Structure formats: C-alpha cells, structure tokens
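Please work through this model with me, using short questions and short answers.

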Amino acid sequence: MPVAVGPYGQSQPSCFDRVKMGFVMGCAVGMAAGALFGTFSCLRIRMRGRELMGGIGKTMMQSGGTFGTFMAIGMGIWC
C-alpha cells in the first residue's frame, strides 16, 4: 500500500503510530484526572502518608490505563 505524502514531502504517521499517540494522550489525561479524583477521595476517607501516596498512585494508574485504552481504540477506529 503506498504511503500518503504531505504537502512538503513528509509522510503521514501510520495507523499504529496514531494508535500509540492516542494511548499516550489518553494516558496523560487519565492520569491527571486520576490525580485530582484520587486525591479528593483519599483525603475524604482520611488517608495519610504512605497510604495516601499509594492510593493516589493506584487511582492515577487505573484511570490512565482505562482512558488510554479507550483513546487508542478510538484512534484505531478512526484510521
């Protein structure tokens, strides 16, 4: 299959590159949202210290992975 060429001779990113980019962008947004929501939920149940950091980190990883997966699927459908 021929590679599409842009107006100045640059090649367009492949579908796999777009899916990777979607996952990374979704992961970044999900981790930021997880940091906010995780902080509020952990502080609401009065976590402190190491337990607080672990709870926030767990929430960040879960929301980042989930949102990144859905963004990757969306970019794959868009290809």
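The questions below concern a predicted model.

Q: Which residues make the nonpolar surface patch of about 390 Å²?
A: A residue enters a patch with over 30% relative accessible area and no salt bridge. Nonpolar side chains are joined within 5 Å. Here the patch is made by Leu36, Phe37 and Phe40.

Q: Is Phe37 buried or exposed?
A: Phe37 sits in helix 1, residues 15-44. Exposed means over 50% relative accessible area. Phe37 has 61% relative accessibility, so Phe37 counts as exposed.

Q: What is the class of Ser41 by relative accessibility?
A: Ser41 also belongs to helix 1. The class between buried (under 20%) and exposed (over 50%) is partly exposed. Ser41 has 27% relative accessibility, and therefore counts as partly exposed.

Q: What distance separates the C-alpha atoms of Ser41 and Leu52?
A: Ser41 lies in helix 1. Leu52 is 11 residues from Ser41 along the chain. Their C-alpha atoms are separated by 9.8 Å.

Q: How many Å apart are the end C-alpha atoms of residues 23-43?
A: An unreviewed UniProt entry annotates residues 23-43 as "transmembrane region". In the model this stretch is 100% helix and 0% strand. Its end C-alpha atoms are apart by 29 Å.

Q: Which residue in the loop between helix 1 and helix 2 has a positive phi?
A: Most residues other than glycine have a negative phi. The residue asked for has phi near 65° and is not glycine. The loop it occupies lies between helix 1 and helix 2 (49-78). Its relative accessible area is 67%, so the class is exposed, and the residue is Arg46.

Definitions and conventions:
Residues numbered from 1 in each chain as written. Predicted model: local features only at pLDDT ≥ 70, side-chain atom pairs only at ≥ 80, totals over all residues. Heavy atoms only, no water. Patch = residues over 30% accessible without salt bridge, like charges linked within 9 Å, V, L, I, M, F, W, Y side chains within 5 Å. Areas by Shrake-Rupley, 256 points an atom, 1.4 Å probe, with all protein chains shown as cover. Salt bridge = Lys/Arg side-chain N within 4 Å of Asp/Glu carboxyl O. Helix = DSSP H or I, 4+ residues; strand = E, 2+ residues; numbered from the N terminus. Buried < 20%, exposed > 50% of the residue type's maximum accessible area, 1.4 Å probe, protein only. UniProt positions renumbered as here; feature names shortened; annotations may be inferred.
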